[in-house]
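I opened this notebook to record what I looked up in a single protein model. The entries follow the order in which I consulted it.

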Amino acid sequence: MPETIEQSSDTAPAKRASRRPGAGDLLQVGRGMLMGAADVVPGVSGGTVALILGIYDRLVGAISRVDGTLLEHVKRRDWKAAATHVDLRFLVPLLLGVGLGIALFAKGIHYLLFHHTQETFAAFFGLIAGSSVLVGRMVNRWSLMEVVGLVAGLAFAVWLVEQPLLRDPPNTLLYLFMCGVIAICAMILPGISGSFILLLLGKYPEVIGLVKETLHLNITADSLLKLSVFAAGCLIGLLSFSRFLKWLLGRHEPQTLAVLCGFMLGSLSKLWPFQRIVPGTEGQKSFVTERLDWSSIPHDGRFFAIWGILIGAILLVLVLDWVTRGRFQHPHLDETASDR
């Protein structure tokens with residue numbers, strides 16, 4: 001791995017040109033697989049993984065170049081210029097790897113979520129809690145504005161997760177489309193997970209179930225329609241948000257990260273591990289949970305195992321940060337980032 005983001009081999013054109021074609025593409029596939037695996041797990045952000053791997057600037061820059069210039073190249077059928085403009089040689093193997101990573105991990109996560117709900121929520125809770133600490137450390141200065149942003153993000157999240165809509169979300173294509181738009185925006189943000197957003201919106205079990213069934217070739221007209229609608233939402237969200245994200249992190253980075261940190265902390269109540277699936281809602285793709293009263297929780301071996309998983313997940317995130325010290329930094333996105 002490179003010593004810092006700026007020293008990454010993926011931000012040095014000269015080094016990219018000197019690579020053997022096959023080796024560079026396989027490397028991007030491997031990086032994409034790590035990002036895809038992270039995107040499946042609530043609490044681990046694919047954007048964070050891209051940041052650690054040193055390709056975050058290049059990724060956001062490439063996505064943000066889906067613009068009028070690209071359309072002009074396409075209209076002139078100048079395919080080489082179009083591919084160069086969006087850094088297609090970088091995006092294609094990376095996105096292929098993301099897809100492979102999601103495919104490899106979706107089935108396992110779906111099983112754990114439905115059959116070991118409390119233990120899985122404990123792991124998710126710990127990953128979010130640990131990641132929120134890292135996002136807070138990414139704020140290079142804490143002034144009054146950052147503190148206000150933190151409190152505002154926390155208060156909004158606490159209010160949001162208690163809304164009846166999120167407890168029993170609507171089963172409509174429009175809502176699924178909006179979930180795709182919002183989740184993909186979170187996936188490219190450093191520190192916050194798109195899967196976590198899907199959990200908050202109540203659609204994570206359904207989307208993971210749809211992916212799992214598709215991988216098993218159990219494809220129906222209904223599942224294909226839902227996946228297409230969700231994917232369309234992801235595409236629209238990605239293309240519309242990437243340029244705004246570059247501007248936001250380039251001009252208001254500390255405030256943005258402070259709000260994200262507060263939002264993650266305030267959302268933890270949604271992932272409180274001591275919950276149970278409400279009887280009658282444990283369908284194939286979705287379920288509704290309710291918190292257990294503290295007095296009704298048996299203090300047995302499973303109780304302490306759940307706490308061990310939660311604490312272990314927090315430590316995992318902190319150890320990852322320690323191992324990659326100096327790499328988990330703020331994104332350094334500015335107006336010229338897309339030209340690197």
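The entries below go from the whole chain to single helices and residues.

**Entry 1. Confidence**

I noted at the outset that the model is predicted. I looked up the pLDDT for the protein chain and found an average of 76, with 80% of the residues scoring at least 70. Among the elements of the chain, helix H1 (residues 13-18) has the lowest mean pLDDT, 42, and helix H6 (residues 79-85) has the highest, 89. I then examined residues 1-19, where the pLDDT is below 50; beyond near neighbours in sequence, this stretch has 36 contacts in the model. Residues 326-340 also stay under 50, and the model gives them 49 contacts beyond four places in sequence. Where pLDDT is low, the predicted coordinates should not be read in detail. I therefore recorded the contacts of residues 1-19 and of residues 326-340 without interpreting them.

**Entry 2. The chain as a whole**

I counted 16 helices and two strands in the secondary structure of the protein chain. Of its 340 residues, 51% are buried. I looked up the accessible surface, which comes to about 16200 Å²; carbon and sulfur atoms hold 69% of that area. For contacts with a separation of 6 or more, 77% join residues 24 or more positions apart.

**Entry 3. The nonpolar core**

I asked which residues have the most contacts inside the largest nonpolar core. They are Met35, Leu59, Phe124 and Tyr204, in a core of 74 residues. Helix H8 gives the most to this core, with ten residues. I followed Met35 further: leaving aside neighbours within four places in sequence, Met35 is in contact with Gly46, Val49, Ala50, Ile55, Leu59, Leu94 and Val98.

**Entry 4. Gly32 and Ile109**

I located Gly32 in helix H2 (residues 21-40). Gly32 counts as buried because its relative accessibility is 0%. Its C-alpha atom and that of Leu94 are separated by 4.5 Å, although the two residues are 62 apart along the chain. Not counting residues up to four places away in sequence, Gly32 touches Leu94, Gly97 and Val98. Leu94 and Val98 are also on the contact list of Met35.

I next looked up Ile109, which lies in helix H7. Ile109 counts as buried because its relative accessibility is 10%. The C-alpha atoms of Ile109 and Val41 are separated by 7.5 Å, with their positions 68 residues apart along the chain. Beyond four places in sequence, Ile109 is in contact with Val40, Val41, Phe124 and Tyr204.

**Entry 5. Two residues with positive phi**

I checked Arg77, whose phi is near 55°, a positive value in a residue other than glycine. Arg77 lies in the loop between helix H5 (68-75) and H6. Is Arg77 buried or exposed? Arg77 counts as exposed because its relative accessibility is 66%.

Asp87 likewise has a phi near 55°, and I found Asp87 in the loop between H6 and helix H7 (88-115). Asp87 counts as buried because its relative accessibility is 15%, below the 20% cut-off.

**Entry 6. Helix H11**

I compared the span of helix H11 (residues 173-187) with expectation. At 1.5 Å a residue, its 15 residues should span 21 Å, and the end C-alpha atoms are 21 Å apart, so the two agree. I listed its buried residues, among them Tyr175, Leu176, Cys179, Ile184 and Met187.

**Entry 7. Leu265**

I placed Leu265 in helix H15 (residues 253-266). Leu265 counts as partly exposed because its relative accessibility is 35%. Leu265 and Ser132 are 133 residues apart in sequence, yet 6.5 Å apart in space, C-alpha to C-alpha. Leaving aside neighbours within four places, Leu265 is in contact with Ser132, Leu150 and Leu154.

**Entry 8. Helix H16**

I turned last to helix H16 (residues 301-323), which has 23 residues. From first C-alpha to last, H16 reaches 32 Å, close to the 33 Å expected. At the N-terminal end, Asp300 caps H16, with a side-chain oxygen 3.3 Å from the backbone nitrogen of Arg302. Which residues of H16 are buried? They are Phe303, Ile306, Leu310, Ala313, Val317 and Asp321. An α-helix has 3.6 residues a turn, so residues three or four places apart point the same way. What covers the buried residues of H16 includes helix H8 (117-138).

Conventions
Residues are numbered from 1 along each chain as its sequence is written. Side-chain values use heavy atoms; hydrogens and water are left out. Helices (H or I, at least four residues) and strands (E, at least two) are DSSP runs, numbered from the N terminus. The expected span of a helix is 1.5 Å times one less than its number of residues. Buried means under 20% relative accessible area, exposed over 50%, partly exposed in between (1.4 Å probe, protein chains only). Contact means heavy atoms within 4.5 Å. A polar contact is a pair of N or O atoms within 3.5 Å; within protein, one must be able to donate a hydrogen and the other to accept it, and residues adjacent in sequence count only if both atoms are side-chain atoms. pLDDT is the predictor's confidence in each residue, from 0 to 100. Accessible areas come from the Shrake-Rupley method with a 1.4 Å probe; for residues, only the protein chains shown count as cover. A nonpolar core is a set of buried Ala, Val, Leu, Ile, Met, Phe, Trp, Tyr and Cys residues joined through side-chain atoms within 4.5 Å.
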